[in-house]
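Reader: Could you take me closely through one part of this model, the lining of its largest pocket, and then follow the chain outwards from there? I would like the contacts described with care.

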Amino acid sequence: ESVTNIGFKAFSDCTSLESITIPNSVTKIGWEAFRGCTSLESIVVADGNPAYDSRKGCNAIIETETNTLIAGCDTTIIPESVTKIGALAFNQCTSLESIVIPKSVTKIDDGAFSACKSLKSITIPSSVDAIGYCAFEGCHNLATLTFEGGSDASNLTTIDGGAFNNCSALKSLVLPSSLRTLGESAFSNCTSLTTVTLPDDLEFVDGAVFSRCSALKEFKGNNVSAD
């Protein structure tokens, strides 16, 4: 109860750690404090903590003031009140097969779901306006990527570099019409990707976006039609 600060990488790569309880006294949790805790199933923040919470039994740590989920695990249920999924929040949650991102979320930060190798599908809600650097990198079993409401009902403007790098099970991709920027290597090494539908008003495409996509055969869109 006397601990006030959990430092940078304090418990990172504790691969047998199954549960953690954060007491009321803790008001600072360093970056990557629980990164790579692949067996973690229970995360509880004590009621009354002034800085963090695990509202509605979500099995996660949420920074209360910003409504940012900073650490999750394979059993996390993201509450509707969360507005941001923080950097590396679910990194290396290797048993995570599916998760619902609520419509309250506006940003998925850098590396948020990176190396979630069991994740099979993800739906990006229309509320999300940015997907961060390497957000889903190394999700090798991610076969289905859906943008909620179809291509015309999204606020998404930016997909940063490496966001879906090494998503080797992804087969097709329809990017929303709101998208303006595709970062470097955003979909590189997606070796099962065969077709890509690009938005008409895409303004900036950085280098190597689809590099080493060895199965890619076709780009579609009103302003592009190429094999």
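Author: By class, the lining of the largest pocket is made up of 17 nonpolar, seven polar and four charged residues. The model is a predicted one, and the pocket in it holds about 370 Å³ of space. Of the 28 residues that line this pocket, Glu 32, Ala 33, Ile 70, Ala 71 and Ala 87 are the closest to its centre.

Two strands deserve attention here, since strand S6 (61-63) and strand S7 (68-71) each supply at least two residues of the lining. S6 and S7 run antiparallel and are joined by three bridges, and within this pairing Ile 61 has Ala 71 of S7 as its bridge partner; Ala 71 is also among the residues closest to the centre of the pocket.

Both strands belong to an open sheet of nine strands with mixed pairing, in the order S5-S6-S7-S8-S9-S11-S13-S15-S17. At its edges are strand S5 (52-53) and strand S17 (204-205), each of which pairs on one side only.

The edge strand S5 leads to the salt bridges, of which there are five in the model. Asp 53, a residue of S5, meets the side chain of Arg 55 in a salt bridge with 2.7 Å from N to O. Both partners fall below the 20% cut-off for burial, because Arg 55 has a relative accessible area of 18% and Asp 53 one of 14%.

Another salt bridge joins Asp 109 to Lys 84, with their closest N and O atoms 3.3 Å apart. Lys 84 lies in strand S8 (residues 84-85) and Asp 109 in the loop between strand S9 (107-108) and strand S10 (121-124), so this pair ties together parts that are 25 residues apart in sequence. Asp 109 also meets the side chain of Lys 107 in a salt bridge, here at 3.9 Å from N to O, and Lys 84, Lys 107 and Asp 109 are thus linked in a network. The accessibilities of its members can be set side by side: Asp 109 is buried at 12%, whereas Lys 84 is partly exposed at 27% and Lys 107 is partly exposed at 29%.

The aromatic residues supply a further set of contacts, with eight aromatic pairs in the model. Phe 11 and Phe 34 have ring centres 5.6 Å apart and planes at 5°, so this pair is stacked. Phe 11 lies in the loop between strand S1 (5-6) and strand S2 (19-22), and Phe 34 in the loop between strand S3 (28-29) and strand S4 (42-45), so the contact ties together parts that are 23 residues apart in sequence. Phe 11 is partly exposed, with a relative accessible area of 31%, while Phe 34 counts as buried at 12%.

Phe 113 and Phe 136 form another stacked pair, with 5.1 Å from centre to centre and 5° between the planes. This pair links distant parts of the chain, 23 residues apart, with Phe 113 in the loop between S9 and S10 and Phe 136 in the loop between strand S11 (130-131) and strand S12 (144-147). Both Phe 113 and Phe 136 are buried, and ring pairs link them with Phe 90, Phe 164, Phe 187, Phe 210 and Phe 219 into a cluster.

How values were computed: Residues numbered from 1 in each chain as written. Predicted model: local features only at pLDDT ≥ 70, side-chain atom pairs only at ≥ 80, totals over all residues. Heavy atoms only, no water. 1 Å grid on protein atoms, 1.4 Å probe; cavity = no way out; pocket = protein on both sides within 12 Å on 5 of 7 lines; lining within 4 Å. Points joined across faces, edges and corners; volume = space filled by probe spheres on them. Helix = DSSP H or I, 4+ residues; strand = E, 2+ residues; numbered from the N terminus. Nonpolar A, V, L, I, M, F, W, Y, C, P; charged D, E, K, R; others polar. Pairing = 2+ DSSP bridges. Salt bridge = Lys/Arg side-chain N within 4 Å of Asp/Glu carboxyl O. Buried < 20%, exposed > 50% of the residue type's maximum accessible area, 1.4 Å probe, protein only. Phe/Tyr/Trp six-rings, centres within 6.5 Å; stacked < 30°, edge-to-face > 60°.
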